[in-house]
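Q: Please take a close look at one part of the structure shown below, and then place that part in its wider setting.

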Amino acid sequence: MFAKIIGLGLLALSPHVLAADTPLNTGNTAWILTATALVLFMSLPGLALFYAGLVRSKNVLSILVQCFAIAAMISLLWLIGLYSLAFTDGGSVNNWLGGTSRLLMAGLNKDSMTGDIPEVTFAAFQMTFAIITPALIIGAFAERMKFASVLVFSALWTLAVYVPVAHWVWGGGYFFQHGLIDFAGGTVVHITAGIAALVCALVLGARKGFGKVAMPPHNLTMTITGAGMLWVGWYGFNGGSALAANGSAGMALFVTHIAASAGALAWMACEWIKFGKPSGLGIVTGVIAGLGTITGAAGVVGPAGALVIGLLAGVICFFMTQLIKKTLKIDDSLDVFPVHGVGGILGTFLAGIFCSPDLGVFSGFGYATGHESIGSQLSIQILGIVVIGVYTAVLTWILLKVTAVVTGGLRVNEDEEREGLDLVAHDERGYDIN
Amino acid sequence: MKMVSAVIKPFKLDDVREALSDIGVTGLTVTEVKGFGRQKGHTELYRGAEYVVDFVPKVRLDLAVKEADVDRVIEVICKAAGTGKIGDGKIFVTDLLQVVRIRTGETNESAI
């Protein structure tokens, strides 16, 4: 959505001010409608399947149910007020939060415009980002959190973390005004989800038997299927974030693909060298690492820059996964932090380098408004990473404590955990094979 | 009568079944089982997290065999299921007290 800074200028600061003057662009509108469907497809069923295959068979439904329930719940909250708080003008507090003019989508009609696309299309596109972000976090507390706690936490977190950060970066807030490059969600989606995942894993504690009992993925076919859907859906995630059907979208889509491919091969090479064999799970995890890392940088970096970003993503996320799980023994069950959090941080940082137009074949398409050197761009990138990371960590910790009070603890008891969340929380089983 | 239980490598099941058919065995029961012997388990790696899998998948055949056929059945199973490598499996032979064919009420050797 950095493209808005270039393409739409100040429109995003107050999307409806210029509404009457901007003619609708049907090509752009068609692409954003398509991209909206692609991004929802990433969550349902892409991410749902990707995660569901990674847990044990007694918890497969709990993951699928959580993804679908979060999608439905966040959609309604988006309508009720989250969209307004994220993307409208907050007046005197606009640096930090949007306004209330679109509560229940008040005043929104078919003619309301954001730039040259209908505002309702923009709102729906953004809604799909708000859905996938809390859905990403569930990988951290998989197989042990109460369903009610998942819902309460996801709702509070989206309100108190996702929405403000989205406003700071995309909705006209502080980082938007100060030229932080985050094209499609390196900070807003991946750093917030990744940092929140780490805090969740620490606060909830490890699954019973973690490190002693085998907890292998129950269906990698499902996981790899989901990863394929995520890869394809990411075309809409990053390509759509240009908010136009133009060269910026085309470039974002292409560099996204390059980074995914580079991440896959880099992770595969790491496993081959370190463990002797390349695994299917390793290859698709490398894909997701590459995709998560390029997200913030897509649209501002060139294809050769994306190659470097993807390779670094594969290698660094691989070693961070080892560090978190094996060395620090933190049960971030589905590796959300080392893949998304680290990828988001890395991508946000590297965007500040590879956006530079002075790197020869590795050049990007220029700095954000107000920045004229890599150093200056990096300073705002690093400030964004630190402020958003710390804010997310603190708020996530507080919201988990609040959720624990509301739902009487966060975890199911030991017996329930042993039995599996499918039966305990939903009275059904994922598989009944005879 | 004897009950012959053979635990074999799963991919050898078809060979064993064919070899047994060739010597006139008309029925057997197959169960998918897990266990360990000298072969022990193996290691699986998921994103570098190492899991030792103690139990190896095997197939167990149960055959009721007439006294006179026991040695030949054992010989045929050994030949068909053998690869010469560790993990080929084992054969257990026990006395079988009674057999009844439910449909006809026939008993013992005529029911096998």
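A: The account below starts with one pair of helices in chain A and then moves outward from that pair. The model is predicted, so that local features need pLDDT of at least 70 and side-chain atom pairs pLDDT 80 or more, while totals for chains, interfaces and linings use all residues. Residues are numbered from 1 along each chain as its sequence is written, with chains lettered from A and ligands numbered from 1 in the order in which they are written.

The pair consists of helix H7 (residues 186–204) and helix H13 (residues 374–407) of chain A, whose axes, fitted to C-alpha atoms over the stretch in contact, lie 9 Å apart and make an angle of about 40 degrees, taken between N-to-C directions on a scale from 0 to 180 degrees. H7(A) is therefore oblique to H13(A), a word kept for angles that are neither under 35, nor over 145, nor 65 to 115 degrees. Helices here are DSSP runs of H or I with at least four residues, and strands are runs of E with at least two, both numbered from the N terminus.

From H7(A), the residues that take part are A:Thr187, A:Ile191, A:Thr192, A:Ile195, A:Ala196, A:Val199, A:Cys200 and A:Val203. They meet A:Gly384, A:Ile385, A:Ile388, A:Gly389, A:Thr392, A:Ala393, A:Thr396, A:Trp397 and A:Leu400 of H13(A), contact meaning that C-beta atoms placed from the backbone lie within 7 Å. By class, the residues of this helix contact are 11 nonpolar, 6 polar and no charged; Asp, Glu, Lys and Arg count as charged, Ala, Val, Leu, Ile, Met, Phe, Trp, Tyr, Cys and Pro as nonpolar, and the others, including Gly, as polar.

Chain A as a whole holds 15 helices and 2 strands, and its C-alpha trace spans about 60 × 50 × 40 Å along the principal axes. Of its 434 residues, 59% are buried, that is, have 20 or more other C-beta atoms within 10 Å, where 12 or fewer would be exposed and anything in between partly exposed. When contacts between residues at least 6 apart in sequence are considered in chain A, 79% of them join residues at least 24 apart.

Some backbone details in chain A deserve attention as well. The peptide bond from A:Leu44 to A:Pro45 is cis, with omega near 5 degrees, and A:Pro45 lies within helix H2 (residues 26–52). A:Glu143, in the loop between helix H4 (119–137) and helix H5 (147–169), has a positive phi near 75 degrees although it is not a glycine, and it is buried because 22 other C-beta atoms lie within 10 Å. A:Lys329, also not a glycine, has a positive phi of about 55 degrees; it sits in the loop between helix H11 (303–327) and helix H12 (336–354) and is exposed, with 10 other C-beta atoms within 10 Å.

Chain A also touches chain B, where 8 residues of chain B are in contact with 13 residues of chain A. On the chain B side, strand S3 (42–46) and strand S4 (49–53) each supply at least two residues, and that side comprises 5 nonpolar, 1 polar and 2 charged residues. In the loop between strand S2 (29–35) and S3 of chain B lies B:Gly41, whose C-alpha atom is 4.2 Å from that of B:Asp54, 13 residues away along the chain. B:Gly41 is partly exposed, with 13 other C-beta atoms within 10 Å, and its contacts beyond four places in sequence are B:Phe36, B:Val52, B:Val53, B:Asp54, B:Phe55 and B:Val56.

How values were computed
Contact = placed C-beta atoms within 7 Å.
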